[in-house]
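Visitor: I'd like a close look at a single part of this protein, and then at what surrounds it. Please start with the part itself.

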Amino acid sequence: MPQLWNLRMPRPEPGQVIESDTVAGMFWAGVARRGDNLMMRQKALGLWREWSWRDVGGIVRMLAMGLRALGLQPGECVSILSNTRVEWVWMDLAILSAAGVSNGIYPTDAAAQVHYLCADSASVALVVENEEQLDKALEIRDRLPGLRHLVLIDPKGLAEFRDPMVVTLDELQALGRAYDEAHPEEFETVRELRGADDLAILIYTSGTTGKPKGVMHANRGLMAVVQGQNRILPQSATDERMCFLPLCHVAERVVGLYASFYTGTRLSFVENPATVPENVREIAPTVLGGVPRLWEKFYSAVTIAVNEAGAVQRALYRWAIGVGHEVVQQVLDGRPVGPWLKLRYWVAGVAALDHVRRFIGVHRCRYLITGAAPIAPDLVRWYLALGLPMLEVWGQTETGGIATAMPAGGIRLGTIGRAAPYNEVRVDAVTGELLVRGLNVCLGYLNQPDKTAEAIGPDGWLRTGDVGTMDDDGYFRITDRMKDIIITAGGKNITPSEWENELKFSPYVTDAVIIGDGRPYLTAIIMIEQETVEKYAQDHHVPFSNYASLTRSAEIQALIQREIDQVNRKFARVEQIKKFFLLDTQLSAEDEELTPTMKLKRSFVQKKYAARIDAMYPPSAPAYRETAAVVQADKSLQA
């Protein structure tokens with residue numbers, strides 16, 4: 001099948017990969033082979049600082065020996081509580097090189113959550129980023145008898161602080177240097193103590209339906225993912241990736257970080273989460289992976305910029321993106337792109353599309369990767385029209401990241417591609433649930449054998465909780481989460497993600513949750529895209545004083561109603577959204593309503609806003625309550 005964008009962006013020569021059966025072994029083989037090649041860089045205070053493979057190797061060795069000096073024993077766990085930064089990576093590699101088990105904690109977690117994760121993982125040391133995170137650690141340490149040490153990355157503001165339990169990162173390196181000099185042969189021995197089948201890392205699930213579960217991954221499974229991933233999403237040492245998502249999430253930890261160690265891909269770390277849009281333009285990565293929220297933000301930014309442009313520029317963009325969509329349709333239909341259309345597309349690139357790609361910062365990208373949550377097919381189509389192959393992948397924490405991936409030469413919108421080469425995927429004939437089996441599937445859940453037995457059968461098949469289908473060519477389609485399927489009071493089965501994805505394609509909507517289980521009709525909870533909606537309000541002279549007043553404005557309510565009306569036209573009358581309300585609180589990653597990937601937690605918001613949800617429905621009559629009970633019983637039987 002022709003891919004016009006592949007003609008525009010040729011693939012680089014494949015790089016030399018590192019074969020190993022452990023993450024630590026892969027890293028140290030890379031240090032030996034790549035030496036002075038650039039491994040990573042990080043921007044701070046407006047300046048880039050770079051580290052070669054040899055530089056990082058020297059730092060990691062001292063940190064690993066520092067952990068040994070503090071008494072870390074093989075198999076003991078160390079947790080890292082920090083934003084994404086190079087020191088996170090150094091400590092992760094040091095823990096693994098010292099034969100420990102590495103666990104990440106979201107920096108937005110409250111002290112109570114940090115306590116639970118440290119207690120459950122039996123962490124003997126906790127690495128904290130700064131004063132804010134140290135305060136959490138000091139608050140909970142008395143309730144963690146197994147916690148022996150706290151390692152502080154950034155001591156800014158703590159020059160006079162002294163605590164026998166706390167050691168700075170620089171002090172840990174100094175301890176390691178002295179210990180290494182006294183025990184020169186120990187490092188080589190210790191880093192080989194953990195093998196392919198040993199537990200390497202813990203990744204905790206988000207815990208939206210209960211306490212987080214510690215997903216256990218052995219070295220063998222992690223290496224199966226990073227080695228196999230390069231066959232479907234190839235990278236090389238000539239590539240550059242941007243590191244910005246939370247490193248305690250499986251996507252950035254395995255699919256981004258460890259995969260780049262394997263191929264030698266350069267890593268650029270952003271200053272902080274708020275500077276991601278600017279850093280993308282500056283870094284101009286050749287491979288970029290992100291969650292749908294990122295791609296929606298880029299689309300919204302382009303929408304704003306186009307609306308602010310002059311009439312001629314707006315007309316050029318609309319014509320150019322229209323030509324792009326013509327090309328996409330030809331490619332998706334498997335038809336050749338004729339010379340006249342190719343010429344028009346080249347002109348469209350010069351006239352507008354090249355500028356859009358540069359405006360986002362993706363003009364050097366060979367492909368984009370989207371995953372971690374469903375994405376609207378129309379949004380993928382827009383990126384394809386720009387000339388950027390956007391490849392949707394699907395997987396879970398339990399699968400070590402990617403379990404299915406879209407082939408660049410055979411994109412099918414609305415699907416999640418085919419099974420990755422290192423695992424099997426099938427659809428349960430009874431429930432429609434997607435099942436995964438392979439080396440990449442986790443060892444189970446830490447301290448929860450019952451949950452492990454529920455999720456992974458004796459035959460090795462993992463029950464993912466996602467409902468889907470497979471076509472004759474092996475492409476999978478996710479219809480919804482088993483626990484999220486809505487059955488209305490009239491018995492109609494609804495997959496809410498389909499409606500939610502359509503709504504999120506609007507530049508004015510950040511996220512949405514569809515309500516209707518056991519109810520007479522569908523309603524929606526909507527979180528607006530603040531920047532775009534504020535711009536609309538300013539352009540249309542809509543008065544507002546803060547975020548809450550913006551969401552309550554009649555004009556903004558009407559704006560969102562028009563967006564809902566457009567979505568409703570795609571569905572039958574009985575499937576349309578009848579009412580909605582806007583969240584009037586500006587949410588951030590620290591708020592309980594959002595997952596770490598900035599997605600609304602369905603079950604949480606339904607409970608928290610139950611009164612407002614009930615207000616969108618008529619008072620329940622006895623007959624309705626009886627019908628709802630029957631529907632719920634039927635749903636339980638189906639599950």
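Guide: Let's start with helix α15, residues 377-386: seven of its ten residues are buried, so the helix is largely enclosed by the rest of the structure. Helices and strands here are DSSP runs numbered from the N terminus, with helices being H or I runs of at least four residues and strands E runs of at least two. Buried means under 20% relative accessible area, exposed means over 50%, and partly exposed is in between, using a 1.4 Å probe and protein chains only. The covered residues of α15 are L379, V380, W382, Y383, L384, A385 and L386. Just past the helix, G387 adopts a positive phi of about 100°.

A few ground rules will help as you follow along. This is a predicted model, in which local features need pLDDT of at least 70 and side-chain atom pairs count only at pLDDT 80 or more, while totals for chains, interfaces and linings use all residues. Residues are numbered from 1 along each chain as its sequence is written, and side-chain values use heavy atoms, with hydrogens and water left out.

To see what Y383 of α15 is doing, it helps to turn to the aromatic rings. Rings of Phe, Tyr and Trp (its six-membered ring) pair if their centres lie within 6.5 Å; planes under 30 degrees apart count as stacked, over 60 as edge-to-face and the rest as tilted. By that rule there are 15 aromatic pairs. One of them joins F27 and F261, a tilted pair with 6.3 Å between centres and 50° between planes. F27 belongs to helix α2 (residues 23-34) and F261 to helix α10 (residues 250-263), so to speak a link between distant parts of the chain, 234 residues apart. Both F27 and F261 are buried.

The pair that involves α15 is W295 with Y383: the ring centres are 5.6 Å apart and the planes meet at 75°, so the pair is edge-to-face. W295 sits in helix α12 (residues 292-308) and Y383 in α15, so this pair ties together parts that are 88 residues apart in sequence. W295 is buried, with a relative accessible area of 0%, and Y383 is buried with a relative accessible area of 0% too.

W295, W382 and Y383 turn up again in the largest nonpolar core, which has 119 residues; these three, together with M40, Y258 and F261, have the most contacts inside it. A nonpolar core is a set of buried Ala, Val, Leu, Ile, Met, Phe, Trp, Tyr and Cys residues joined through side-chain atoms within 4.5 Å. Helix α4 (residues 86-97) gives this core its largest share, nine residues. A separate core has 39 residues, including V513, V533, A537 and L559.

Y258 is worth a stop of its own. Setting aside neighbours within four places in sequence, Y258 is in contact (heavy atoms within 4.5 Å) with V23, M26, D92, L96, I201, L222, V226 and R253. Y258 also joins F27, W28, W53, F187 and F261 in a cluster linked by ring pairs. W53 of that cluster has another partner: the charged end of R34 sits over the ring, 4.8 Å from the ring centre. For this, NZ of Lys or CZ of Arg must be within 6 Å of the ring centre and within 35 degrees of the ring normal.

Now for the strands on either side of α15 in sequence. Strand β13 (residues 367-370) and strand β14 (residues 390-396) run parallel and are joined by three bridges. Across them, T370 stands opposite E392 of β14. Two strands pair if DSSP finds at least two bridges between them. Both strands belong to an open sheet of five with mixed pairing, in the order β12-β13-β14-β15-β16. At its edges are β12 (287-290) and β16 (418-419), each pairing on one side only.

Finally, stepping back to the whole protein, you have 23 helices and 26 strands. Buried residues account for 57% of the 639 residues. Of the contacts between residues at least 6 apart in sequence, 67% join residues at least 24 apart.
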